[in-house]
Amino acid sequence: MTPVIAMAAARYRYPETDHDALGPVDLAIGPGEWVGVVGPTNAGKSTLCYVIIGLAPQFFGGRLRGEVSVFGSPTASQPVNERSRRAGLLFQNPFTQLSGARERVDEEVAFGPEAHGLPQAEVEERVAEALRLTGLQDLRARHPLDLSGGQLQRLALAALLAMRPELLLLDEPTSQLDPAGSRALFDVLRGLHAAGTTIVMVEHRLEAVAAMCPRVIALGEGRLLADGAPAEVFNRPEVQASAGIPAFARLAALVGKGPPLPVTFESAVEALRG
Amino acid sequence: MARGLSLYAEGSSPLHRAHPLTKATLTLCAIGLAFILPSWPLVLGVGVALLSLLAAAGVLRRFLFVAAGLLVPITLLLALVQSLANPHNQTVILPLGPLAVHREGLYIGLLAALRIADLVAATFLFSFTTRPADLAEALMQRGLSPRFGYVIQSALQIIPQSLETADRIRDAQRARGLETEGPLPRRARAFIPLLLPLVLSALVATQERAMALEVRGFGLKVGRLARYRIPDSLGQRVLRWGLALAVVAALAARLRGWL
């Protein structure tokens with residue numbers, strides 16, 4: 001099966017820097033996978049998203065070496081706005097993801113589908129669906145700037161969902177959310193994953209990554225440190241040293257359980273009982 | 001709800017429902033006539049017509065409230081300067097020591113103020129009854145580039161977005177002990193440390209927004225479809241042409257010396 005994302009010896013260097021921010025990375029992500037990306041600050045997590053979506057190097061400049069393709073198309077040759085037909089990226093800061101030109105939540109969500117030239121009836125259908133998925137139906141007439149940080153993050157996600165991407169890249173989607181907001185967002189992502197959307201999620205809440213992502217990638221200094229199931233990745237010493245470990249694993253380690261350390265709540269309870 | 005630089009006031013009057021280009025034509029023609037027509041009764045007539053339209057749109061009170069603060073000082077200033085210092089002044093109507101108020105200058109000053117009042121009334125009539133999004137949509141349906149339409153709409157949102165950012169920066173600085181409230185000198189001192197982060201964050205936000213717009217498909221070469229239908233009618237088209245012809249006729253009459 002053709003991978004959704006294929007990277008071979010991919011390296012990326014930002015302009016006017018003397019080292020690669022990412023790479024070399026070899027990676028293949030298949031359709032319908034949900035992959036968590038973890039790593040410390042400056043590990044190259046956001047850069048990985050930019051390279052996949054094509055912003056690096058198309059927007060930033062710099063130098064991309066190796067091969068990177070998304071849905072079989074090399075990222076270097078396909079404009080980012082063209083790729084937006086099938087892939088979306090949710091940035092860390094929802095405020096800067098607003099178009100800055102719309103006065104209502106529903107109009108903001110409609111911005112992308114309209115840019116794609118979709119008929120108005122389909123735009124309205126997609127907007128209604130995206131607002132329902134993100135729980136923003138009751139706020140559709142509000143001005144985007146009247147929303148809280150968590151609501152803004154959901155609006156940014158709704159704006160992406162309205163474009164019905166087959167690949168969703170999320171760069172720390174819960175950075176502005178409280179625990180309830182994070183849970184609501186993860187519920188939406190579970191639904192999308194169940195519907196077949198491929199998700200790549202950069203996330204610093206390791207417990208959430210371990211609980212939800214069947215596959216985890218750990219990055220360190222731009223390189224791939226580990227790639228596998230959460231229990232496998234979070235038990236690698238180099239991952240523990242750089243990205244850290246989920247709280248449940250830390251708790252189990254403190255009471256002398258493991259290795260291997262349990263990385264999810266359920267496995268930790270089981271280990272602690274045992 | 002309207003926010004930002006938009007002054008739009010919700011309403012259901014015929015003016016609110018009129019096509020944005022009809023209202024834009026009305027505004028531009030009223031301003032044109034106010035400056036072309038030579039005598040104060042005619043300029044006043046334009047003003048009365050505009051006030052009637054403002055009243056019909058249910059926004060007269062709002063206009064008077066805004067205009068009072070704007071037009072009264074301008075009128076006083078123009079009347080004073082012109083009546084005292086216009087080179088065509090001849091007839092003294094009020095001696096003031098070494099100075100004197102003159103009839104000719106007073107007339108010129110008041111006429112200029114009346115024209116400015118017409119301009120302000122016409123502009124507010126348009127702004128109070130037209131959503132910026134409707135104007136941009138109407139212009140794009142007439143062939144304006146979506147990029148330019150985006151510029152029109154986003155320009156109207158710059159101020160509230162900057163205020164939002166400034167509030168966040170001010171809150172962060174207050175949390176670190178900076179006094180941002182109190183007497184004017186203290187607030188002025190607090191303004192300086194606000195400015196640099198505000199400018200820097202605006203630059204960063206611009207870059208991030210440009211990326212986000214790309215990711216949302218902005219700039220795709222697709223045939224843009226109308227977001228919604230903005231009702232137009234034969235009557236409105238006739239009115240637009242009629243207004244434009246009235247301005248041309250007034251200009252011709254003025255140049256010919258018939259007015």
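These are numbered notes on a few local features of a predicted model.

1. Start with the aromatic residues. Over all chains, the structure holds 11 aromatic pairs. In one of them, the ring centres of Tyr14(A) and Phe60(A) are 5.5 Å apart. Their planes stand at 90°, so this pair is edge-to-face. The two residues are 46 apart, and the pair links distant parts of the chain. Tyr14(A) sits in the loop between strands E1 (5-13) and E2 (22-29) of chain A. Phe60(A) sits in the loop between helix H2 (55-58) and strand E4 (63-70) of chain A. Tyr14(A) has a relative accessible area of 21%, so it counts as partly exposed.

2. Tyr50(A) and Phe91(A) form an aromatic pair too. Here the geometry is tilted, with 6.3 Å from centre to centre and 35° between the planes. Tyr50(A) belongs to helix H1 (residues 45-53) of chain A, while Phe91(A) is in the loop between E6 and helix H4 (105-115) of chain A. The pair therefore ties together parts 41 residues apart in sequence. Tyr50(A) is buried at 14% relative accessible area. Phe91(A) is buried as well, at 5%.

3. The residues of both pairs belong to one aromatic cluster, formed by Tyr12(A), Tyr14(A), Tyr50(A), Phe59(A), Phe60(A) and Phe91(A).

4. Two arginines lie over ring faces. Arg86(A) is over the face of Phe71(A), 3.9 Å from the ring centre. Arg168(B) is over the face of Phe95(A), 4.7 Å from the ring centre. This second case joins a residue of chain B to a ring of chain A.

5. Look next at helix H4 of chain A. How many of its residues are buried? The count is 11 of 11, so H4(A) is mostly covered. Charged side chains are on the buried list, among them Asp106(A), Glu107(A), Glu108(A) and Glu114(A). Val105(A), Val109(A) and Phe111(A) are also included. The buried residues pack against helices H5 (120-133) and H6 (149-161) of chain A. They also pack against helices H7 (146-155) and H9 (184-215) of chain B. After H4(A) comes Gly117(A), with a positive phi near 75°.

6. Ser84(A) is in the loop between helix H3 (80-83) and strand E6 (87-90) of chain A. Is this loop residue buried or exposed? Ser84(A) has 1% relative accessibility and counts as buried. Leaving out residues up to four places away in sequence, Ser84(A) touches His116(A) and Met163(A) in its own chain. From chain B, the contacts are Glu214(B), Val215(B), Arg216(B), Gly217(B) and Leu220(B).

7. Ala249(A) is in helix H11 (residues 247-254) of chain A. At 0% relative accessibility, Ala249(A) is buried. Its contacts, beyond residues up to four places away, are Leu261(A), Pro262(A) and Val263(A). His193(A) is 56 residues from Ala249(A) in sequence and 26 Å away in space, C-alpha to C-alpha.

8. Chain B offers a helix pair. The axes of H2 (residues 20-36) and H5 (residues 103-129) of chain B come within 8 Å and cross at roughly 175°. H2(B) and H5(B) are therefore roughly antiparallel. On the H2(B) side, the contact residues include Leu26(B), Ala30(B), Ile31(B) and Phe35(B). On the H5(B) side, they include Leu119(B), Ala122(B), Leu125(B) and Phe126(B). The contact divides into 11 nonpolar, 3 polar and 3 charged residues.

Methods: Residues are numbered from 1 along each chain as its sequence is written. Chains are lettered from A and ligands numbered from 1 in the order in which they are written. This is a predicted model: local features need pLDDT of at least 70, side-chain atom pairs count only at pLDDT 80 or more; totals for chains, interfaces and linings use all residues. Side-chain values use heavy atoms; hydrogens and water are left out. Axes are lines fitted to C-alpha atoms, for helices over the stretch in contact, and angles run from 0 to 180 degrees between N-to-C directions. Helices (H or I, at least four residues) and strands (E, at least two) are DSSP runs, numbered from the N terminus. Angles under 35 degrees count as roughly parallel, over 145 as roughly antiparallel, 65 to 115 as roughly perpendicular and the rest as oblique. Contact means heavy atoms within 4.5 Å. Buried means under 20% relative accessible area, exposed over 50%, partly exposed in between (1.4 Å probe, protein chains only). Rings of Phe, Tyr and Trp (its six-membered ring) pair if their centres lie within 6.5 Å; planes under 30 degrees apart count as stacked, over 60 as edge-to-face and the rest as tilted. A charge sits over a ring if NZ of Lys or CZ of Arg is within 6 Å of the ring centre and within 35 degrees of the ring normal.
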